[in-house]
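Dear colleague,

Here is the structure I promised to hand over. Please open it alongside this note.

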Amino acid sequence: MYLLVFFGTIATLGTLWYWTYRWQFKFADKWPSVRPRYAIVGNALIMLWKNDVQRFQEIKRVFSECDRILTAWAGPKMFLITSHPDIVHQILSSPDCLERPFLYRFAGFTQGIFTAKLPVWKDNRKRLNSTFNQRIVHGFVPYFVKCCEKMTKSLLECADGETVNIQKYTAVCALEMAAGTTLGGDVLQQGDGKEEFKRGLDLAFNGASRRMVTVPFYSDLIYQMTHHYKELMEGRRIICDFFTKLLIERKKFLLDHSKNTDVDTEEEYNKPKILVDQLLGVSHDGRQFNDIQIRDNVYAVITGATDTTSLATAHACLFLSFYPDIQERLHAELAEVFPGNIADYTPENIKKLTYLDMFINEVQRHCTVVPYVARENTAEIEIDGVKVPPGNIFIMSLYAMHKRPDIWGPDAEKFDPENFTEERIKDRHPAAFLPYSAGSKNCLGWRYAIFGMKLIMIHLVRNFHFSSKIKHEDMQFRHDLTLKLPFQHLVQLKKRNPGKILTMVE
């Protein structure tokens, strides 16, 4: 009798749970689902027993089969996935789709601007927007150039024709740019630990991305019993140790500066501040960032700038190697704008480099460094006539959107900087190209990223000719938070000006 009651209760609760669950997602019946799909686990099996390259290929396949919206199931969790510019634009520009879903929690540092929940993000973004305005970024140019010249001198020490992993050099340059302009001064010129920091960054990013596509790892209890958790924590420890030392140095500098400077308080408030000064300072209403918020925001900005800039420029060097005619056209433009051995790297001169703009945009189209973004709606929205209740998760592939033949034509896979001529741009969907996302949650440092990438490429192309045994058809990627190759960016360097470096006007 008791057994009958027990099993009857279980069956009743199970049926009730099923129909409640079924009703919750009934609105999505109009949209097709990713295949294959299995009971209970959904689509999760397609990611099991695959390496990171195979995972990337599987995700690429799924989005290539998606015209407007597909439903994807990670166990009991449903994701709405899309790469259509109409829908991507609607979601990214909607004030009801500003929340980041639970997946971002796996990246850690949840009080920073990259992974924070909506209330914390709004406060952080409002207070930090001014630190990356155009005037401040233009003021960074001399420091950017200094970092680029240091990178160029290191490369000139290589033998002519030597094969190098170019990302090793762009990563150090991007890190020095990011840390110097975020924390102030030449904070990295005298320090060690850059290679260790890069290792920590790789561990942290790879660990977070693996957890996002492994449904059993959504459980903290299960994940903490794996070796992947230990690797992730090791990566975060390396990163935090690196930042802690730099923050201590900056705090001491600001304290000494305040003791030796007699400046009107209102004037000091209105003076533009680099990121760390904004984080360590006091706002008009007397609020301060706490230590965790300072650490997490420094992490978000420096790691984001370092990883994206170094990868984009390393990818660009490979494309220069693949297409010598494009490389020579770019070099000719640089020689015209910056003739001779001395260059005036003003923002005005950099804006004259229209072909460099087109080239970098085409690199970012083929190699969208942040390939996916996700949002959760906090209020009901309507998409394609379907009312989507709050609390649903949208995953958008910017990488797939940048390769859609219905946007970019039948030669979408072809590398062609002419895709970004004014004539072609005006006939294209306004949301077809979003390398820095869009809307209120677009990349905070997009101006910074553009200037950093341009100056690195200017120095590399003016001083070296690139070739590689890697071919365009060899390009493949592995699943990670950012778009990474499964092999090194190996290029051969031929010096254009042996024995000297083309420098900046003093």
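Below is what I found, from the chain as a whole down to one sheet.

Please keep in mind that this is a predicted model.

**Whole chain**

The protein chain has 506 residues, and 55% of them count as buried. Its secondary structure comes to 20 helices and eleven strands. The exposed surface is about 23,600 Å². Carbon and sulfur atoms supply 57% of that area. I also looked at contacts between residues at least 6 apart in sequence: 75% of these join residues at least 24 apart.

**The four-stranded sheet**

One open sheet is built from four strands, in the order β1-β2-β8-β5. Its pairing is mixed. The edges are β1 (70-74) and β5 (372-376). Each has a single partner strand, so one side of each is left without a neighbour in the sheet. On average, neighbouring strands here are turned by 30° against each other, direction ignored.

**The β5 edge**

What does β5 pair with? Its partner is β8 (residues 393-397), in the antiparallel sense and over five bridges. Within this pairing, alanine 374 has isoleucine 395 of β8 as its bridge partner.

**The helix on the sheet**

Which strands does helix α3 touch? Helix α3 (residues 85-93) packs on the sheet and touches β2 (77-82), β5 and β8. The direction of α3 makes about 125° with that of β8. So β8 is a good place to start looking: β8 pairs with β5, and β8 is also touched by α3.

Best wishes

Definitions and conventions
Residues are numbered from 1 along each chain as its sequence is written. This is a predicted model: local features need pLDDT of at least 70, side-chain atom pairs count only at pLDDT 80 or more; totals for chains, interfaces and linings use all residues. Side-chain values use heavy atoms; hydrogens and water are left out. Two strands pair if DSSP finds at least two bridges between them. Helices (H or I, at least four residues) and strands (E, at least two) are DSSP runs, numbered from the N terminus. Axes are lines fitted to C-alpha atoms, for helices over the stretch in contact, and angles run from 0 to 180 degrees between N-to-C directions. Contact means heavy atoms within 4.5 Å. Buried means under 20% relative accessible area, exposed over 50%, partly exposed in between (1.4 Å probe, protein chains only). Accessible areas come from the Shrake-Rupley method with a 1.4 Å probe; for residues, only the protein chains shown count as cover.
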